[in-house]
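Please follow the strands and helices of this predicted model sheet by sheet, with the structure open beside the text.

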Amino acid sequence: MTVYERLGVTPVVNAAGRLTALGGAVLDRAVIGAMAEAAGVHVDLAELKQAAGRYCAARCGADAGYVTGGAAAGVVLMTAAVVTRGDAAAIADLPASTPPNRILVQQGHLVDFGAPIAQMVRIGGGVVVPVGATNLTSGAELRARLHEPDVSGILYVQSHHAAQKGTVTLPEVVELARGAGVPVLVDAAAEEDLTRFTRLGADLVAYSGGKALEGPTSGFVVGRRDLIEACAAQESGVGRAMKVGKEAIAGLIAALERYGAGEAAGIAARRHAITDALRTELEGVEGVAVSEEADEAGRDIVRLRLSVTPAAGMDLPSLVRELRGGTPPIAVRTHHLGEGWVTLDPRPLEPAQVGVIGARIRQILGTGTQGRDN
Ligand SMILES: *Cc1c(COP(=O)(O)O)cnc(C)c1O
């Protein structure tokens, strides 16, 4: 019996994506193996963290690195680093800080990724100062704000959650911030490119380990050595509430090792094979229509768009509800449900689950409208 079975918790067939709500990434055997190995051995945790930080830094072309509990913890720690600069009394005071330590954030970057990013800044002792409007922040306004008193940093959010236009670009932000002597913090939680933000001149960059990198629940920050040391110094303060264990550190490093090693082509080929199989499977189901959909952020992911036809005898929200509530539960991506379609993401799926999804949809539609009662 698995621990999930002992707890009476049912595993979900995940066609929605690497969502925190569905447990993040499913880990490769090599990553699971590294975590199991690490879990059974005592180690000097400070030494492990130093070595892991160096590895992350090297992979990102940065001076220094620090492993975190996730990208959200990374945002807290990056903020705390620029607010306290490693000063022991300031670290002990957090989240209070005097004078006000203003952290500028373009209005279009004030996202909610399941929790509001502004709150992460506050935990780190920052006072969020939104700059511009949701759809437009000008360089001139940003420049003026950067030169106001008590500005401790600017947080730049690179994300599909953020406004995709009307914001000041990272190279411009770096240039303006340099002119004002203000550090640039980047939240690159779900990004696939490990070197870009360091190359563009960010002072600190936070990544999530459990998103693009397919690691365990974890993350890391890379950047300027003095600021990375100030991130690590939070362990005796707010950072303690975000501690990372040896298993997560080991899993993150194993995932990073795998992420680099020419696996990209293999991973893309596997994704495309699953999308093709799913398309063939669902094209044979009466009552649904499928088509392929390119990734909105330009990554090498082809997803399937699924909608219902009149032959289904059921509307799409009902179908989605039945899939999620049935056996096995099947989760799909519902961002566009209101527009009449849902999306199936090949990344978290196993090949064997393609048939399970097809069979379940056939079963639901076969029972027509009766199934709507639950
Ligand atoms: C997911 C996400 C986070 C949080 O990352 P965790 O690793 O889950 O803590 C932070 N910022 C953005 C933009 C995200 O998409």
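Strand β10, which covers residues 302-308, pairs with β12 in the antiparallel sense, and three bridges connect the two. Within this pairing, L306 has V342 of β12 standing opposite. Both strands belong to an open sheet of three strands, whose order is β9-β10-β12 and whose pairing is antiparallel. The edges of this sheet are taken by β9 (288-294) and β12 (342-344), each of which has a single partner strand, so that one side of each is left without a neighbour in the sheet. When direction is ignored, neighbouring strands here are turned against each other by 35° on average. Helix α13, formed by residues 316-325, lies across β9, β10 and β12, and runs at about 115° to β10.

The other sheet to be followed is an open one of seven strands, arranged in the order β2-β8-β7-β6-β5-β3-β4, and its pairing is mixed. β2 (64-68) and β4 stand at its edges, and because each has a single partner strand, one side of each is left without a neighbour in the sheet. From one strand to the next, the twist averages 25°.

At the β2 edge, the partner is strand β8 (residues 219-223), which runs antiparallel to β2 and is joined to β2 by five bridges. Y66 can serve as a landmark here, since the bridge partner of Y66 in β8 is V221.

At the β4 edge, by contrast, the pairing is parallel: strand β3 (residues 101-106) and strand β4 (residues 126-131) pair over six bridges. Among the residues in register, R102 has V127 in β4 as its bridge partner. The chain passes between these two strands by way of helix α6 (residues 117-123), and β3, α6 and β4 together make a right-handed β-α-β unit.

Two further helices can be placed against the seven-stranded sheet. Helix α7, made of residues 139-146, packs on the sheet and touches β3, β4 and β5 (151-157), while its direction makes about 150° with that of β4. Helix α8, made of residues 170-180, lies across β3, β5 and β6 (184-187), and runs at about 155° to β6. Strands β3 and β5 are thus named among the contacts of α7 and also among the strands that α8 lies across.

For tracing either sheet by eye, it may help to recall that strands of a sheet pair through backbone hydrogen bonds, either parallel or antiparallel, and that in a regular strand the side chains alternate between the two faces of the sheet.

Notes. Residues numbered from 1 in each chain as written. Predicted model: local features only at pLDDT ≥ 70, side-chain atom pairs only at ≥ 80, totals over all residues. Heavy atoms only, no water. Pairing = 2+ DSSP bridges. Helix = DSSP H or I, 4+ residues; strand = E, 2+ residues; numbered from the N terminus. Right-handed = clockwise from strand over helix to strand, strands pointing away. Axes fitted to C-alpha atoms, helices over the stretch in contact; angles between N-to-C directions. Contact = heavy atoms within 4.5 Å.
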